[in-house]
Each structure stands twice: as C-alpha cells, then as structure tokens.
Amino acid sequence: RWKPSTAAEGYVDFSKLLKPSQRVAAYAISWVHSNITRFVSFEAGHDDGMRLWLNRKLIHDAPGLSQAAPRQVTVSAQLQPGWNEILVKVDQVAGQWGFYLELLDREGRSLVKDVKLTATPPPASRAP
C-alpha cells in the first residue's frame, strides 16, 4: 500500500517506513508540473539498487549493492508541459535502505524553482 512520507534531510528512509527490510523492494511516486517543455537533471543516490521512471519511461537502472549519498548519479531527462509522473523503485538486500532524489536545472547547478510538486495524484492522473 502507498504511505505518505517526508524526506528528512532529503533522504527517504524505507528501513524506517517498511517491514520487513531485507530482500525486498519498495516504490515511491510523485508528480511535478511544468508550464513548459524543459530539460532537467535528476540527482540521485540509493541503497541498494534503483530504477527511475519519468512518465513511465525508464531513465535510470542501477541494480546491485550501493550505499546512498546525495548526488551519486546524474540522469538527464525532459519534462513535458503539464503533470509528469516520477516513479522510483529501490531494491534492498540488507542494512540501510532508501534514496535521495533532487530535481535540478539542465546544468545540474540549482533546484528547479518554477515547478509544482505533489505526492498525491493530480486530477488528470486519478483513476475513475
């Protein structure tokens, strides 16, 4: 089931949210609204493996073991005008479990400021 969560210091800590926390996987979803088509950079860090989808298109796939730290990987992508769905899957073997994810401008220098973010489905994304 989906559970609302906040990210303390930018880290979504699945090991505090979900049990069991060994040999499992979890998903996180959010939406970002852009008024224009724009290129952006996703900066991510994950523990353990991670997949990232933008509008249901896989844009990052990093299986295996890793330790999460901010900005371990950079993924370039393009937001479309309107609502864009961001889906994250993080695999877990043992130990810590979670991820960092930031949405930065095209050059990866600063957070994208003129967009709207939501953790609940926008009206057009809700199932009837």
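**Exercises: aromatic pairs and the largest pocket**

In this predicted model, Tyr11 is buried, with a relative accessible area of 14%.

**Exercise 1.** Classify the aromatic pair of Tyr11 and Tyr100, and state which elements hold the two residues.

*Solution.* The count of aromatic pairs comes to three. For Tyr11 and Tyr100, the centre-to-centre distance is 4.9 Å, and ring centres must lie within 6.5 Å to pair. The angle between the planes is 50 degrees; stacked needs under 30 degrees and edge-to-face over 60, so the pair is tilted. Tyr11 belongs to strand β1 (residues 11–13) and Tyr100 to strand β8 (residues 98–104), so the pair ties together parts 89 residues apart in sequence. Tyr100 has a relative accessible area of 18% and is buried.

**Exercise 2.** Classify the pair of Phe14 and Phe99, and place both residues in the chain.

*Solution.* The ring centres are 5.8 Å apart and the planes meet at 45 degrees, so this pair is tilted. Phe14 sits in helix α1 (residues 14–17) and Phe99 in strand β8, 85 residues apart, which makes this a link between distant parts of the chain. Both Phe14 and Phe99 are buried. Together with Trp97, they form one aromatic cluster.

**Exercise 3.** Describe the lining of the largest pocket by position, element and residue class.

*Solution.* The volume of the largest pocket is about 1100 Å³. Its lining has 36 residues, and those closest to the centre are Val12, Ala28, Ile29, Ser30 and Phe99. Two or more lining residues come from each of α1, β2 (24–34), β7 (82–92), β8 and β9 (116–118). β2 gives the most, with six residues. By class, the lining has 26 nonpolar, six polar and four charged residues.

Note on methods:
Residues numbered from 1 in each chain as written. Predicted model: local features only at pLDDT ≥ 70, side-chain atom pairs only at ≥ 80, totals over all residues. Heavy atoms only, no water. Phe/Tyr/Trp six-rings, centres within 6.5 Å; stacked < 30°, edge-to-face > 60°. Helix = DSSP H or I, 4+ residues; strand = E, 2+ residues; numbered from the N terminus. Buried < 20%, exposed > 50% of the residue type's maximum accessible area, 1.4 Å probe, protein only. 1 Å grid on protein atoms, 1.4 Å probe; cavity = no way out; pocket = protein on both sides within 12 Å on 5 of 7 lines; lining within 4 Å. Points joined across faces, edges and corners; volume = space filled by probe spheres on them. Nonpolar A, V, L, I, M, F, W, Y, C, P; charged D, E, K, R; others polar.
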